[in-house]
Amino acid sequence: MAAFKVQFDLALSTEEALQRLRGTTYDLIISDMGRPGDLRAGYTLLQALRERGDTTRFILYTSSCTDAQMQEARTRGALGCSTRISELMAMALGTLEARR
């Protein structure tokens, strides 16, 4: 992201992400799906955000993104999911460009 002059913050847990999101507005959130102790942590984070009214655009970076998983991600309020960094970057940069 830095190579594309995109400013970003890194959170290493769902709790840290939620804490950062309390005091800062972001244009986009990219979350991995699984973290230690929660194999669906991406959905845990997304649900917590949506429950508190946070509609920040959200993309999941995951090891598997079938058509069914893409549909589930979108149903839950994400823009989608990706397993490939090139696809993730295209989704992220396209989303950020559309916001400008």
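Alanine 78 is in contact with Leu46, Phe58 and Ala73, leaving aside its neighbours within four places in sequence. The model behind this report is predicted. Alanine 78 has its place in the loop between H3 and S3. At 7% relative accessibility, alanine 78 counts as buried, because the cut-off for buried is under 20%. Glycine 53 lies 25 residues from alanine 78 in sequence and 14 Å from it in space, C-alpha to C-alpha.

**The sheet**

Three strands form an open sheet in the order S1-S2-S3, with parallel pairing. The edge strands are S1 (28-32) and S3 (80-82), and each of them pairs on one side only. On average, neighbouring strands of this sheet are turned by 25 degrees against each other, direction ignored.

Strand S2 covers residues 57-61. Three bridges join S2 to S3, and the two strands run parallel. One residue pair can be named here: leucine 60 has cysteine 81 in S3 as its bridge partner.

Two helices pack on the sheet. Helix H2 (residues 41-51) touches S1 and S2, and its direction makes about 170 degrees with that of S2. Helix H3 (residues 67-75) touches S2 and S3, and its direction makes about 140 degrees with that of S3.

**Glycine 80 in strand S3**

Glycine 80 is found in strand S3. Its relative accessible area is 0%, so glycine 80 is buried. Which residues surround it? Leaving aside neighbours within four places in sequence, glycine 80 is in contact with Phe58, Ile59, Leu60, Met70, Ala73, Arg74 and Met91. Lysine 5 is 75 residues away from glycine 80 in sequence. In space, the C-alpha atoms of glycine 80 and lysine 5 are 23 Å apart.

**Helix H1 against helix H2**

Two packed helices are described by the angle between their axes and the distance between the axes. Helix H1 (residues 14-23) packs with H2 at an angle of about 30 degrees, and their axes are 10 Å apart. Angles under 35 degrees count as roughly parallel, and H1 and H2 are therefore roughly parallel to each other. H1 passes H2 in a right-handed crossing.

On the H1 side, the contact is made by Thr14, Ala17, Leu18 and Leu21. On the H2 side, it is made by Ala41, Thr44, Leu45, Ala48 and Leu49. By class, the contact of H1 with H2 has seven nonpolar residues, two polar and no charged ones.

The spacing along a helix has a simple background. An α-helix has 3.6 residues a turn, so residues three or four places apart point the same way.

**What H2 buries**

The buried residues in H2 include Ala41, Gly42, Tyr43, Leu45, Leu46 and Leu49. What covers the buried residues of H2 includes H1, S1, S2 and H3. After H2 comes glycine 53, whose phi is positive, near 85 degrees.

**Loop and helix residues compared**

The table sets out five residues with their places and their relative accessible areas.

| Residue | Place | Relative accessible area | Class |
|---|---|---|---|
| Threonine 62 | loop between S2 and H3 | 13% | buried |
| Alanine 78 | loop between H3 and S3 | 7% | buried |
| Glycine 80 | strand S3 | 0% | buried |
| Isoleucine 85 | helix H4 | 49% | partly exposed |
| Leucine 39 | loop between S1 and H2 | 75% | exposed |

Threonine 62 is in contact with Met33, Cys81, Ser82 and Thr83, leaving aside neighbours within four places in sequence. Cys81 is also the bridge partner of leucine 60.

Is leucine 39 buried or exposed? Leucine 39 is exposed, because its relative accessible area is 75% and the cut-off for exposed is over 50%. Not counting residues up to four places away in sequence, leucine 39 touches Met33 and Gly34. Met33 is also in contact with threonine 62.

Isoleucine 85 has its place in helix H4, which covers residues 85-99. At 49% relative accessibility, isoleucine 85 counts as partly exposed. Where does tyrosine 61 lie relative to isoleucine 85? The two residues are 24 apart in sequence, and their C-alpha atoms are 8.2 Å apart in space.

Definitions and conventions. Residues numbered from 1 in each chain as written. Predicted model: local features only at pLDDT ≥ 70, side-chain atom pairs only at ≥ 80, totals over all residues. Heavy atoms only, no water. Pairing = 2+ DSSP bridges. Helix = DSSP H or I, 4+ residues; strand = E, 2+ residues; numbered from the N terminus. Axes fitted to C-alpha atoms, helices over the stretch in contact; angles between N-to-C directions. Contact = heavy atoms within 4.5 Å. Parallel < 35°, antiparallel > 145°, perpendicular 65-115°, else oblique. Left-handed = near helix turned anticlockwise from the far one by under 90°. Nonpolar A, V, L, I, M, F, W, Y, C, P; charged D, E, K, R; others polar. Buried < 20%, exposed > 50% of the residue type's maximum accessible area, 1.4 Å probe, protein only.
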